[in-house]
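Good morning, and thank you for joining. I would like to take you through a pocket, two helix contacts and an aromatic pair.

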Amino acid sequence: MWNRVDLKMRGKAAFQKNYWSCVAVAFIMSIITTIATGSNGRAGSQGIWQDHSYHHYYGYGSGFTFFAAFLTVIVVIIAIGLAMLGIFVGNVLKVGGCQFFVENQTMQARVQTIFEPFKSGQYVNLVVTMFLMHLFTVLWTMLFVVPGIIKMYEYRMIPYILAENPGMNRQEAFAISKRMMMGKKWETFVLDLSFIGWWILSACTCGILGIFFVMPYVQATNAEIYTANRAIAYNEGYIR
């Protein structure tokens, strides 16, 4: 079983030896996460603005109602566009980011590595598998929050597995990730919690510390979790 202190130490050393490339890739991955999560709820807030603010106080009538409806449609279209961008581009870039940080453990990985999955010839498989990973997590979370969190950790290794095996079918990727995380979900959760102090400091610096230190540190440590789990999997013989 791995030790979180050792993983964090190795992760920090790995990203510091290739500092600027790690910062760039981690920043791109953070933008991907923002796109994936930032398009929710805007249409609803726009509807409140329409019904209870200007129309109520100024009574512009049908002209303003048309404008508000048009603006709402635009917001919905943008939200859908961002969601599609996340599914068809962002998820594949996330796999590339995972590939970068795994390679960076043993070599000076290049920023261009984040785009390698697009050249793998397995684009559709990557898009479908990553989409299903997020879909299943959301569905479990909607059913019960705790099972959703458990599934999130159970699927944690999927992007790394796909980074090294882009042609692997989704059933096998899910099964291997589940096996890799068996008995390790709580330890991984505790490891995530150990970064809270850094995230608080990042907030105090308006995100500057996050961009130039915390995000690449976390991503490099996550890659260390994968390589440690992969080594265990080799030893136990369920992957070759």
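Before the first contact, a definition: a helix axis here is a line fitted to the C-alpha atoms over the stretch in contact, and the angle between two axes runs from 0 to 180 degrees between N-to-C directions. Please keep in mind that this is a predicted model.

With that in hand, consider H8 and H11. Their axes come within 10 Å and cross at roughly 95°. Since angles of 65 to 115 degrees count as roughly perpendicular, H8 is therefore roughly perpendicular to H11. On the H8 side, the contact is made by Arg-179, Met-180 and Met-181. H11 contributes Tyr-226, Asn-229, Arg-230, Ala-233 and Glu-236. Sorted by class, this contact of H8 with H11 holds four nonpolar, one polar and three charged residues.

Let me turn to the second largest pocket. Its space amounts to about 210 Å³. The lining consists of 13 residues, and those closest to the pocket centre are Asn-165, Met-168, Ile-176, Ile-239 and Arg-240. Which elements give two or more residues to this lining? They are helix H7, residues 158-164, helix H8, residues 170-181, and helix H11, residues 208-236. H8 and H11, the two helices of the contact just described, are thus both among the contributors to the pocket lining. By class, the lining divides into eight nonpolar residues, one polar and four charged.

The second contact involves helix H6, residues 145-154, and H9. Here the axes also come within 10 Å, and the crossing angle is roughly 90°. The consequence is that H6 is roughly perpendicular to H9. H6 takes part through Ile-150, Tyr-153 and Glu-154, while H9 does so through Lys-185, Thr-188, Phe-189 and Asp-192. The class count for H6 with H9 is three nonpolar, one polar and three charged residues.

Phe-189 brings me to the final topic, aromatic pairs. How many does a search of the whole structure find? The search returns 16 aromatic pairs. One aromatic pair joins Trp-186 and Phe-189, with 5.4 Å centre to centre and 40° between the planes, a tilted arrangement. Both residues belong to helix H9, residues 185-193, where they are three residues apart, about one turn of the helix. Phe-189 therefore appears twice in this account: in the contact made with H6, and in the tilted pair with Trp-186.

Terms used. Residues numbered from 1 in each chain as written. Predicted model: local features only at pLDDT ≥ 70, side-chain atom pairs only at ≥ 80, totals over all residues. Heavy atoms only, no water. 1 Å grid on protein atoms, 1.4 Å probe; cavity = no way out; pocket = protein on both sides within 12 Å on 5 of 7 lines; lining within 4 Å. Points joined across faces, edges and corners; volume = space filled by probe spheres on them. Helix = DSSP H or I, 4+ residues; strand = E, 2+ residues; numbered from the N terminus. Nonpolar A, V, L, I, M, F, W, Y, C, P; charged D, E, K, R; others polar. Parallel < 35°, antiparallel > 145°, perpendicular 65-115°, else oblique. Contact = heavy atoms within 4.5 Å. Phe/Tyr/Trp six-rings, centres within 6.5 Å; stacked < 30°, edge-to-face > 60°.
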